[in-house]
Amino acid sequence: MMPPSSPKQPSLVVVFGRLGPYHVARLRGAAEVMARAGVALQAIAIAGNDKIYAWDRVPEPTVCPTRVLFPQQLYEDIPAAGLARQLYAALDEIQPLAVALPGWAFPEARIGLSWCRKRKQAAILMSESSVEDHVRLWPRELLKQRMVRQFGAALVGGRRHHDYAVRLGIPKAAIFGGYDAVDNDYFQRGAADARQNDAALLKPHGLPARYLLTSSRFVAKKNLEGLLRAYALYVAASPQAVDLVVCGDGDLRPSLEQVARELGLAQRIHWPGFVQYPDLPMYYALADAFIVASTTEQWGLVVNEAMACGLPVLVSVRCGCAPELVREGENGFTFDPYQVEAIANALLCLPGDPALLRAMGQRSQEIIKGYDVTAFGRGLLEAGRMALARTGCHAFGPPEGAG
């Protein structure tokens, strides 16, 4: 743990459930932006690991003071009372002027918001939820509105999340973008290195010479069975069809492999398993294109990664990132994930010429430049300024455009 920041410097704390590679990258981007503004950034992670994501544990970031409250426990196993005691104690020690919290459904968000209310400090909502994610029941939405209106500002991913935050009571002027970002430079550099050594990398990793790529947890909402069935239609319709690589793992793996066998595609579909962060750029770099077929996806950071690596992207319209990141026909295509034929048609829209695929991938890299970790930092800083300004405080400086 790094020593606490100077008490003379106004501070902002970001709270995450656990630290993964994406969180560390965002903290680095935010720390750079905050330092230039004279704001001390600190981070709190609740647990050292969880039951959902199989990431290797990342070292605590050195870019800002960071503490993990329960380093040896799984996130899901932490009792609410113990979490509340530890999070209150950490925030009381740091005494931040503003706290950025992950949504409203997680216990750390509710506890952190309670701390902000009792200590009369500003709370920032970090959200990638949209009205389309689930069936929304009005009694629950009313309760949610009461909670969300206690946040002074929001940091969101895209327009769908912006609109839902407005619906829940955050003023439009207090909502900022940049939440859903990855380390673009890391993926771009890794992909460039892999492409220089493609011949040496394909065989050791069991990869075909050309392939389409998808990467996800093997759970129902990722719609991998629908993708496999669409891939079968694509193979039947295209003499130039390339193989499919499915990265990830989960309880559905045996049934998905059975579907592949039933479709007669066992030799064309490859299952590398869960791929850790250091190896991800290679899998993207050597692919022709990336596809995500989820029926529900609040954003879809894998699309950011693929674009940073220079790939065309095929994206379900149910992914929150689709309106922002996909330019139809320029860097990819969108489709209805509930229609197998629509997924197959998107696959068939991909050009077979590698030069045309590269041109689409270059367009992806141009688009994704605006969604880097410094964008997260800028959005967080502006959300902090606005949340404080709504309490009459300008310790982080006035919001952009104020006055």
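How many bridges join strand 8 to strand 9? In this predicted model, the count is 5, and the two strands run parallel. One pairing within this stretch can be named: T214 has V246, in strand 9, as its bridge partner.

Strands 8 and 9 belong to a bigger arrangement, an open sheet of 6 strands with parallel pairing. Reading across it, the order is 10-9-8-11-12-13. Strand 10 (269–273) and strand 13 (332–335) sit at the edges, each pairing on one side only. On average, neighbouring strands in this sheet are turned by 20° against each other, direction ignored. Helix 8 lies across part of the sheet, namely strand 8, strand 9, strand 10 and strand 11 (289–292). Relative to strand 9, helix 8 runs at about 170°.

Just ahead of helix 8 comes a residue worth a look. N223 is found in the loop that links strand 8 (211–215) to helix 8 (224–237). Although N223 is not a glycine, its phi is positive, at about 55°. The residue counts as buried because its relative accessibility is 14%, and the cut-off for that label is under 20%. Q95 makes a good companion case: it also isn't a glycine, and it has a positive phi of about 55°. Q95 is found in the loop between helix 2 (80–94) and strand 4 (98–102). With 41% relative accessibility, Q95 counts as partly exposed.

From Q95 the chain leads on to strand 4, and from there the story turns to strand 5. Strand 4 and strand 5 pair in the parallel sense over 5 bridges, with L101 standing opposite L125 of strand 5. Together with helix 3 (residues 107–119), these two strands make a right-handed β-α-β unit. A further right-handed β-α-β unit is made by strand 5, helix 4 and strand 6. Here too the strands pair in the parallel sense: strand 5 and strand 6 (residues 153–156) share 4 bridges, and I124 has A153 as its bridge partner in strand 6.

Is strand 5 mostly covered or mostly open? It is mostly covered, with 6 of its 6 residues buried. In a regular strand, side chains alternate between the two faces of the sheet. Strand 5 is covered on both of its faces. A122, I124 and M126 are buried on one side, while A123, L125 and S127 are buried on the other.

Just past strand 5 (122–127), in the loop leading to helix 4 (138–148), lies S129. This serine counts as buried, since its relative accessibility is 14%. What does the side chain of S129 make a polar contact with? The partner is the side chain of Q298, at 2.9 Å. Leaving aside neighbours within four places in sequence, S129 is in contact with W104, R136, R160, H161, Y164 and Q298.

Helix 15 (residues 373–389) rounds off the picture. At 1.5 Å a residue, its 17 residues should span 24 Å. That figure comes from multiplying 1.5 Å by one less than the number of residues. The end C-alpha atoms of helix 15 are in fact 24 Å apart, which agrees with the expected span. Helix 15 is also mostly covered, with 15 of its 17 residues buried.

Methods: Residues are numbered from 1 along each chain as its sequence is written. This is a predicted model: local features need pLDDT of at least 70, side-chain atom pairs count only at pLDDT 80 or more; totals for chains, interfaces and linings use all residues. Side-chain values use heavy atoms; hydrogens and water are left out. Buried means under 20% relative accessible area, exposed over 50%, partly exposed in between (1.4 Å probe, protein chains only). A polar contact is a pair of N or O atoms within 3.5 Å; within protein, one must be able to donate a hydrogen and the other to accept it, and residues adjacent in sequence count only if both atoms are side-chain atoms. Contact means heavy atoms within 4.5 Å. Two strands pair if DSSP finds at least two bridges between them. Axes are lines fitted to C-alpha atoms, for helices over the stretch in contact, and angles run from 0 to 180 degrees between N-to-C directions. A crossover is right-handed if, with the strands pointing away from the viewer, the path from the first strand over the helix to the second runs clockwise.
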